[in-house]
Amino acid sequence: MKQERLLAAELEKTVPGMRLLWDEPMSRHTSFRIGGPARLLVLPRSAEELKSAYLAALRLEVPVLFMGNGSNLLAPDGGLDRFVIKTFDGLSKISRTGENEVTAESGVLLSKLAVFARNCGLSGLEFSYGIPGTFGGAITMNAGAYDGEIGNVVAQTEYLDPAGEVVRISGKEHDFSYRHSIFSSGERLILRGKLSLRPGNPAEIQARMDELSARRKQSQPLELPSAGSVFKRPPGNYAAALIDRCALKGRSVGGAQVSEKHAGFIVNRGGATCDDVLRLIDLVRETVSRETGVELETEIRILSDR
Ligand SMILES: Cc1cc2nc3c(=O)[nH]c(=O)nc-3n(C[C@H](O)[C@H](O)[C@H](O)COP(=O)(O)OP(=O)(O)OC[C@H]3O[C@@H](n4cnc5c(N)ncnc54)[C@H](O)[C@@H]3O)c2cc1C
């Protein structure tokens with residue numbers, strides 16, 4: 001607590017007007033609408049502010065959590081004893097930096113990025129249009145849908161390493177694999193990335209985005225708070241199909257429910273706690289393991305309190 005007070009005092013002095021929030025409910029910042037207060041949360045308005053916040057936290061040894069739009073996070077009910085750095089929506093710059101290249105800061109929403117690329121007549125991001133995360137969150141998770149993955153189009157990423165140094169990596173150095181990248185360990189703060197796209201017809205790009213949006217609306221419970229698919233796809237199978245086969249659709253614990261529309265989603269039907277979601281996850285995993293022999297792994301990020 002003392003270190004966080006020092007951190008806030010330093011930031012208030014060195015970065016006038018920095019948006020710092022004390023005891024800020026994480027339920028306001030996660031798509032699940034779940035989570036107790038984060039001790040201190042910062043909303044940097046630029047990459048420079050982000051750097052100042054991170055470097056000050058490193059100097060004062062305050063534990064940090066990075067987040068984008070909170071659309072893949074389950075935050076604990078008791079709160080987070082951490083300094084949360086949220087990139088959405090302050091790190092919002094996008095520009096065309098080459099004939100087939102777009103550069104964007106980490107807090108830009110994927111939907112905005114896909115529309116920007118379409119306006120430039122660049123194809124390759126259509127798959128990401130309906131994913132409610134930021135570019136930084138997508139790189140971290142190697143977000144993907146409908147046979148596309150962000151790892152297929154990211155050419156270069158610039159980040160701050162755990163010593164506060166700016167590092168640039170390209171291509172294979174990202175170590176992208178299914179819902180994984182070099183950033184998954186949580187120690188590197190993404191500042192911006194470069195996308196390598198291909199020329200396309202804006203009308204055709206829009207038509208593909210509309211088609212995928214319609215498929216999402218039809219198959220996913222977008223009207224209720226969630227964090228998307230809770231479980232990773234097990235090899236050669238689909239988590240949702242296995243959960244459905246075990247007749248778990250609609251099963252509830254407190255306010256958390258296995259979606260009746262898409263068995264891979266857990267939705268917050270109102271007042272769900274983190275504990276409700278965790279108990280429901282355990283119930284699903286145990287039932288699927290017992291009845292099908294498949295061990296489901298979680299895809300969502302379950303945060304611990306420190
Ligand atoms: C309705 C719905 C549908 C979804 N559909 C899909 C889908 O089709 N495909 C898919 O892959 N996902 C899907 N998701 C999950 C989620 O949107 C993605 O995982 C997304 O990439 C997360 O981005 P975010 O900005 O919200 O990240 P957050 O949830 O804020 O964070 C996710 C992880 O990224 C890290 N992180 C975030 N920003 C940074 C940064 N700048 N530097 C370093 N680390 C960072 C966080 O520490 C955390 O570990 C869906 C979610 C919802 C609610």
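User: Which residues are closest to the ligand, and what makes a residue count as surrounding the ligand?

Analyst: In this predicted model, a residue is near the ligand if its C-beta atom, placed from the backbone, lies within 6 Å of the ligand. 33 residues surround the ligand, and the closest are Gly 68, Gly 133, Gly 136, Gly 137 and Gly 228. Strand E3 (64-67), helix H4 (135-141), strand E9 (144-145), strand E13 (189-196) and strand E15 (226-229) are the elements that each give two or more residues to this shell. H4 supplies the largest share, 5 residues.

User: How many residues of the shell around the ligand are nonpolar, polar and charged?

Analyst: The shell divides into 18 polar residues, 14 nonpolar residues and 1 charged residue. Gly counts as polar in this division, so the closest residues, Gly 68, Gly 133, Gly 136, Gly 137 and Gly 228, fall in the polar group.

User: Why is Asn 142 called buried or exposed?

Analyst: A residue is buried if 20 or more other C-beta atoms lie within 10 Å of its own. Asn 142 has 21 other C-beta atoms within 10 Å, and therefore it is buried. Asn 142 is found in the loop between H4 and E9. Its phi is positive, about 45°, although Asn 142 is not a glycine.

User: Why is Ala 247 called buried or exposed?

Analyst: The cut-off for an exposed residue is 12 or fewer C-beta neighbours. Ala 247 has 11 inside 10 Å, so Ala 247 counts as exposed. This residue is also not a glycine, yet has a positive phi of about 55°. Its place is the loop between helix H6 (239-245) and strand E16 (252-253).

User: Which strands are called edge strands in the sheet with the order E1-E2-E5-E3, and why?

Analyst: This is an open sheet of 4 strands with mixed pairing. Strand E1 (20-25) and E3 are the edge strands, because each pairs on one side only. Neighbouring strands of the sheet are turned by 35° against each other on average, direction ignored.

User: How do you know that E3 and strand E5 pair?

Analyst: Two strands pair if at least two bridges are found between them. E3 and strand E5 (residues 80-86) have 4 bridges, so they meet this condition, and they pair in the parallel sense. Phe 66 stands opposite Ile 85 in E5.

User: Which helices lie across E2 and E5?

Analyst: Helix H1 (residues 2-14) lies across E1, strand E2 (37-42) and E5, and runs at about 25° to E2. Helix H2 (residues 47-59) lies across E2, E3 and E5, and runs at about 155° to E5.

User: What joins Phe 88 and Asp 89?

Analyst: A cis peptide bond joins Phe 88 and Asp 89, with omega at about 0°. Asp 89 is placed in the loop between E5 and strand E6 (94-98).

User: How do you know that E15 and strand E18 pair?

Analyst: The condition is at least two bridges. E15 and strand E18 (residues 265-268) are joined by 2 bridges, so they count as paired, and they run antiparallel. Ser 229 stands opposite Phe 265 in E18. Helix H7 (residues 274-292) packs on the sheet, touching E16, strand E17 (256-258) and E18, and its direction makes about 30° with that of E17.

User: Which domains does the domain assignment give?

Analyst: The assignment gives domain 1 (2-86), domain 2 (94-204) and domain 3 (220-302). The C-alpha centres of domain 2 and domain 3 lie 28 Å apart.

Notes
Residues numbered from 1 in each chain as written. Predicted model: local features only at pLDDT ≥ 70, side-chain atom pairs only at ≥ 80, totals over all residues. Domains from an automatic or database assignment. Axes fitted to C-alpha atoms, helices over the stretch in contact; angles between N-to-C directions. Contact = placed C-beta atoms within 7 Å.
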